[in-house]
Amino acid sequence: MKILSGTSNPTLSKNISRYLRTKLVNTNIKKFADGEIYVEINENIRGNSVFVIQSSANPANDNLMELLLCIDALRRSSAKNITAVIPYFGYARQDRKVVPRTSISAKLVSNLITNAGANRIVTVDLHAGQIQGFFDMPVDNLFTTPLFARYIKKNIKSKNFICVSPDAGAIERTRALATKINADLAIIDKRRPEPGKSKVMNIIGNVKDKDCIIIDDIIDSGGTIINAADALVKKGAKSVYVFISHAVLSGNAIKNIQKSKIKKLIITDTIDNSKKIKKTNKIQVLSIAQLMAEAIKRISNSTSVSSLFN
Ligand code: R5P
């Protein structure tokens with residue numbers, strides 16, 4: 001078994017390989033002057049099962065193309081199996097036609113990864129679980145909920161928790177966390193008047209004097225979560241903690257979060273934000289390296305991955 005890292009998240013790859021006590025495959029990945037990407041593998045991988053780690057985070061197109069080129073290079077170098085380990089699976093939010101004459105990017109990206117030569121996918125908190133069906137190969141969708149639940153039990157002292165789903169899409173994930181920490185569930189009725197803008201219409205559930213835990217898969221502009229925190233505080237919530245799997249944090253997100261009613265934002269390292277978040281004390285990162293390493297080990301040994309979440 002070998003681990004090859006793309007350039008999107010080198011620290012996470014290093015930490016995963018450290019847990020697995022293995023070295024990363026020696027590669028030369030660079031860009032030509034015109035922006036084209038070049039991938040070269042500098043060691044023999046014939047007959048090996050190779051796990052390629054690459055998130056399709058910003059710059060999404062370059063990182064996706066790099067993933068495809070790594071898979072292609074491995075296939076042409078006679079790797080036995082190629083597993084695309086995609087901690088953050090970008091383009092997943094366009095998973096159906098919401099308005100006519102639009103593309104379904106999640107399906108196109110799955111076709112590209114399939115055609116490049118991957119035999120298996122490992123990812124974390126897919127935006128919509130159904131995207132697994134866009135692939136005709138095994139997909140292991142790992143969950144961050146146990147990681148978040150452990151953090152909450154250890155670090156947030158409260159007898160009055162409520163888990164809040166920031167929109168209809170996040171209800172299943174929120175319910176799973178609420179069950180794990182033995183909390184009630186509230187739901188926010190969010191509308192998107194236009195792409196990139198969100199509005200809280202209503203809160204279903206009683207949040208008065210409660211310590212609210214919001215959980216979502218993605219924070220992008222921050223609008224969804226900041227508006228949710230405002231609405232919860234207006235309804236009498238005592239505090240608002242936010243847990244996010246994939247911190248896209250585009251534009252002024254970090255500045256706006258700093259000024260917001262959110263007490264603490266806890267994210268994972270599926271996307272490398274180490275430079276971006278240096279100046280804020282409101283954001284904390286939990287690493288998923290150990291979880292990913294354990295999943296890779298189990299896949300490699302043909303043992304159960306789902307039992308990781310029991
Ligand atoms: C949408 O369904 C996602 O789960 C997130 O709620 C959304 O991507 C967050 O975007 P933003 O931070 O820009 O409101």
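Okay, let's start in a loop: Pro59 sits between strand 4 (49-53) and helix 2 (60-76). What joins Asn58 and Pro59 there? A cis peptide bond, with omega at about 0°. Keep in mind throughout that this is a predicted model.

While we're around helix 2, have a look at the other loop, the one between helix 2 and strand 5, where you'll find Ser78. Ser78 isn't a glycine, yet its phi is positive, near 65°. As a reminder, most residues other than glycine have a negative phi, and most peptide bonds are trans. So those are two spots to click on when you open the model.

Now let me zoom out. The chain has eight helices and 14 strands. Its C-alpha trace spans about 60 × 45 × 40 Å along the principal axes. The radius of gyration is 20 Å, and that agrees with a compact globule, because 310 residues packed that way would come out near 19 Å.

On to the sheets. One is an open sheet of five strands, order 1-4-5-6-7, with parallel pairing. Strand 1 (2-5) and strand 7 (139-142) are at its edges; each has a single partner strand, so each has one side without a neighbour in the sheet. On average, neighbouring strands here are turned by 20° against each other, direction ignored. For a closer look, take strand 5 (residues 81-86) and strand 6 (residues 120-124): they run parallel and are joined by four bridges. If you want one pair to find on screen, go to Thr83, whose bridge partner in strand 6 is Arg120.

Then there's an open sheet of seven strands, and its order is 10-9-8-11-12-13-14, with mixed pairing. Which strands are at the edges of this one? Strand 10 (199-204) and strand 14 (283-286), each pairing on one side only. The average turn between neighbouring strands in this sheet is 25°, again ignoring direction. At the strand 10 end, strand 9 (residues 184-191) runs antiparallel to strand 10, with five bridges between them. Ile188 is a handy marker, since its bridge partner in strand 10 is Ile203.

Right, the ligand. There are 14 residues around the ligand, and the ones that come nearest are Asp216, Asp217, Ser221, Gly222 and Thr224. How does that shell divide by residue type? Two nonpolar, five polar and seven charged. Strand 11 is the top contributor to the shell, giving four residues.

Let me go through some polar contacts to ligand oxygens. Thr224 has a polar side-chain atom 2.5 Å from an oxygen atom of the ligand. For Arg93, the distance from a side-chain N or O atom to a ligand oxygen is 3.1 Å. For Arg192, the corresponding distance is 3.4 Å. As for burial, the ligand on its own exposes 380 Å², and the protein buries 89% of that. The elements giving two or more residues to the shell are strand 11 (211-219) and helix 6 (223-234).

And that ties back to the sheets: strand 11, which gives four residues to the shell, belongs to the seven-stranded sheet, between strands 8 and 12 in the order. That's my tour, happy to rotate the model if anyone wants another look.

Terms used
Residues numbered from 1 in each chain as written. Predicted model: local features only at pLDDT ≥ 70, side-chain atom pairs only at ≥ 80, totals over all residues. Heavy atoms only, no water. Pairing = 2+ DSSP bridges. Axes fitted to C-alpha atoms, helices over the stretch in contact; angles between N-to-C directions. Near = heavy atom within 4 Å. Polar contact = N/O pair within 3.5 Å; in protein donor to acceptor, adjacent residues only side chain to side chain. Areas by Shrake-Rupley, 256 points an atom, 1.4 Å probe, with all protein chains shown as cover. Nonpolar A, V, L, I, M, F, W, Y, C, P; charged D, E, K, R; others polar. Rg over C-alpha atoms; globule rule 2.2 N^0.38 Å.
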